[in-house]
Amino acid sequence: KQWYQRRVRGYFKALFSATHDEATCPVIGLYCGGCQDNADGFIATGEPAVPCCTQDALDSISESIYELIADYSNIATSIEADLKAAVEASGVSTEEYEAMKEVATEQLGCIEETYDTLSESDCA
């Protein structure tokens, strides 16, 4: 069991190291583009192969997130309204808020694409 845990830690350490570099991914918060290309390229090499239990965990996490979104969409709408009001009260315009929200949505979409790539890759 400890051997496998070390393997999973080692895999993600290598993935994160491959993802981040000063030239193509200087800021991980802006994942789309260079960071995503680096991560997806690392996963595509298959060396090392992703541990199979990692794929199972990612599938379970993704499924749970989608279930939560479906179950709590009304609450999320209310939270967004409160968040938008708070942001506007701090002096951020509706246009700036919508632009920030669009960037965040785009970044999450890119992360989801990498999760899909990871969960669909060959495992060992």
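**Entry 1: Ser73**

I began with Ser73, which counts as partly exposed because its relative accessibility is 35%. For my own reference, buried means under 20% relative accessible area, exposed over 50%, and partly exposed in between, with a 1.4 Å probe and protein chains only. This is a predicted model, so I kept in mind that local features need pLDDT of at least 70, that side-chain atom pairs count only at pLDDT 80 or more, and that totals for chains, interfaces and linings use all residues. Residues are numbered from 1 along each chain as its sequence is written, and side-chain values use heavy atoms, with hydrogens and water left out.

Ser73 sits in helix 4, residues 73-89. Helices here are DSSP runs (H or I, at least four residues), as are strands (E, at least two), and they are numbered from the N terminus. I then looked up the C-alpha separation of Ser73 and Cys35: they are 38 residues apart in sequence and 30 Å apart in space.

**Entry 2: the whole chain**

How many helices and strands does the protein have? I found five helices and zero strands, and the pattern along the sequence reads α-α-α-α-α.

The radius of gyration is 18 Å, whereas a compact globule of 124 residues would be near 14 Å. That radius is taken over C-alpha atoms, and the globule rule is 2.2 Å times the number of residues to the power 0.38. Along the principal axes, the C-alpha atoms fill a box of roughly 50 × 40 × 25 Å.

I noted that 20% of the 124 residues count as buried. The accessible surface comes to about 8400 Å², and 60% of that belongs to carbon and sulfur atoms; the areas come from the Shrake-Rupley method with a 1.4 Å probe, and for residues only the protein chains shown count as cover.

Contacts came next (heavy atoms within 4.5 Å). Among those between residues at least 6 apart in sequence, 69% join residues at least 24 apart.

For the charges, I have 7 positive and 23 negative, and their mean positions are 15 Å apart. Lys and Arg count as positive, Asp and Glu as negative, while His and the chain ends are not counted. Each charge is placed at NZ of Lys, CZ of Arg, CG of Asp or CD of Glu.

**Entry 3: helix 2 and what follows**

Helix 2 covers residues 34-45, twelve in number, and reaches 17 Å from its first C-alpha to its last, close to the expected 16 Å at 1.5 Å a residue. The expected span is 1.5 Å times one less than the number of residues.

Which residues of helix 2 are buried? I listed Cys35, Gln36, Asn38, Ala39, Asp40, Phe42 and Ile43. Their cover includes helix 1 (2-19) and helix 5 (94-120).

I looked at Asn38 in helix 2 more closely. Asn38 counts as buried because its relative accessibility is 17%. Leaving aside neighbours within four places in sequence, Asn38 is in contact with Ala18, Thr19, Asp21, Thr24 and Cys25.

Just after helix 2, I found Gly46 with a positive phi of about 70°. A bit further on, the peptide bond from Glu47 to Pro48 is cis, with omega near -5°. Pro48 lies in the loop between helix 2 and helix 3 (52-71). As a reminder, most residues other than glycine have a negative phi, and most peptide bonds are trans.

**Entry 4: Thr54**

Is Thr54 buried or exposed? With a relative accessible area of 6%, Thr54 is buried. Thr54 belongs to helix 3, and beyond its neighbours within four places in sequence Thr54 is in contact with Val8 and Phe12.

**Entry 5: helix 5**

I checked the span of helix 5 too: its 27 residues should cover 39 Å at 1.5 Å a residue, and the end C-alpha atoms are 39 Å apart, which agrees. The buried residues I noted in helix 5 are Tyr97, Gln107, Cys110, Thr114 and Leu118.

Leu108 is also found in helix 5, but Leu108 is exposed, at 56% relative accessible area. The C-alpha atoms of Leu108 and Thr45 are separated by 23 Å, with their positions 63 residues apart along the chain.

Lys101 in helix 5 counts as partly exposed, at 31% relative accessibility. Lys101 and Lys84 are 10.0 Å apart in space, C-alpha to C-alpha, and 17 residues apart in sequence.
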